[in-house]
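Hi,

Here is the structure I promised to pass on to you. Have a look at it first, and then read my notes below.

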Amino acid sequence: MTTLYDYWRSSASYRVRIALGIAGLRWDSVPINLVDGQQRSAEHLTRNPQGLVPALEIDGLSLTQSLAIIEYLDETRDCGFLPKDPVGRARVRALAYAIAMEVHPVCNLRVAKHAVTASGGAITMEGWMQHFIEAGLRDFEAMLGEDTYCFGDTVTLADLCLVPQVYNARRWGIDLTAFPRLSGIMERLEALPAVQAAHPDATPKD
């Protein structure tokens, strides 16, 4: 039995849903409502002491942190999310980390809410998100080559990070026409069944 504890709009959960789909795995989805604070419940803290999503129960294990989960799936299911050669792995990780470690943490809802509150309203949620997401995607675009996907012609860890970030960019009204390479990759990714099935609109909300 594979069980994913997630939230429909969580970028980290979104990555794992795509990875599970590409791996060809079936799983039960248990929604954890971040708005209602369910992630801080005693029950969920036993799964993830950080009080975050996702948490994945698989192979008799309870795993947390989306990138660690995806690498576990890659190593146990040979999904191809990371290239076999060290140079390729370093390249894919650099692309993935550019989003997962540079853009995503700053645009985490709890971080953005704190910035808005601490600024006394001088900073708006929309302005914060637009500033950091657009800047991050601009840097990401500059890192891309002319490959089918973010690296090469197969879906990698970098693509799994890109899809949710573009969803967020669209949600906050960011114009993506300035990012032609990124947009072309997204068009190809969004044609994949596993990516379509993982979309927030296709994910249980309660």
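**What I found**

Strand 1 (residues 3–6) and strand 2 run parallel and are joined by four bridges. One residue pair to look at there is Tyr-5 and its bridge partner in strand 2, Val-30. Please keep in mind that this is a predicted model.

These two strands belong to an open sheet of four strands, ordered 2-1-3-4, in which the pairing is mixed. Strand 2 (28–31) and strand 4 (61–64) each have a single partner strand, so they stand at the edges and one side of each lacks a neighbour in the sheet. From one strand to the next, the twist averages 20°.

Two helices pack on this sheet. Helix 1 (residues 11–22) touches strand 1 and strand 3 (55–58), and its direction makes about 155° with that of strand 1. Helix 3 (residues 66–77) touches strand 3 and strand 4, with its direction at about 130° to that of strand 4.

How do helix 1 and helix 3 pack, at what angle and how far apart are their axes? The angle is about 10° and the axes are 9 Å apart, which makes helix 1 roughly parallel to helix 3. On the helix 1 side, the contact is formed by Ala-12, Arg-15, Val-16, Ala-19 and Leu-20; on the helix 3 side, by Ser-66, Leu-67, Ile-69, Ile-70 and Leu-73. Sorted by type, the residues of this contact are eight nonpolar, one polar and one charged.

Back in strand 2, take a look at Pro-31. Which residues does Pro-31 touch, leaving out those up to four places away in sequence? They are Asp-6, Gln-38, Pro-204, Lys-205 and Asp-206. Pro-31 and Lys-205 are 174 residues apart in sequence, yet their C-alpha atoms are 6.0 Å apart in space.

Finally, the aromatics: the structure holds three aromatic pairs. In one of them, the rings of Trp-128 and Phe-132 have their centres 4.7 Å apart and their planes at 55°, so this pair counts as tilted. Both residues lie in helix 6 (residues 125–143), four residues apart, or about one turn of the helix. Are the two partners buried or exposed? Trp-128 counts as buried because its relative accessibility is 17%, whereas Phe-132, at 29%, counts as partly exposed.

Enjoy looking through it, and write back whenever you like.

Best wishes

How values were computed. Residues numbered from 1 in each chain as written. Predicted model: local features only at pLDDT ≥ 70, side-chain atom pairs only at ≥ 80, totals over all residues. Heavy atoms only, no water. Pairing = 2+ DSSP bridges. Axes fitted to C-alpha atoms, helices over the stretch in contact; angles between N-to-C directions. Contact = heavy atoms within 4.5 Å. Parallel < 35°, antiparallel > 145°, perpendicular 65-115°, else oblique. Nonpolar A, V, L, I, M, F, W, Y, C, P; charged D, E, K, R; others polar. Phe/Tyr/Trp six-rings, centres within 6.5 Å; stacked < 30°, edge-to-face > 60°. Buried < 20%, exposed > 50% of the residue type's maximum accessible area, 1.4 Å probe, protein only.
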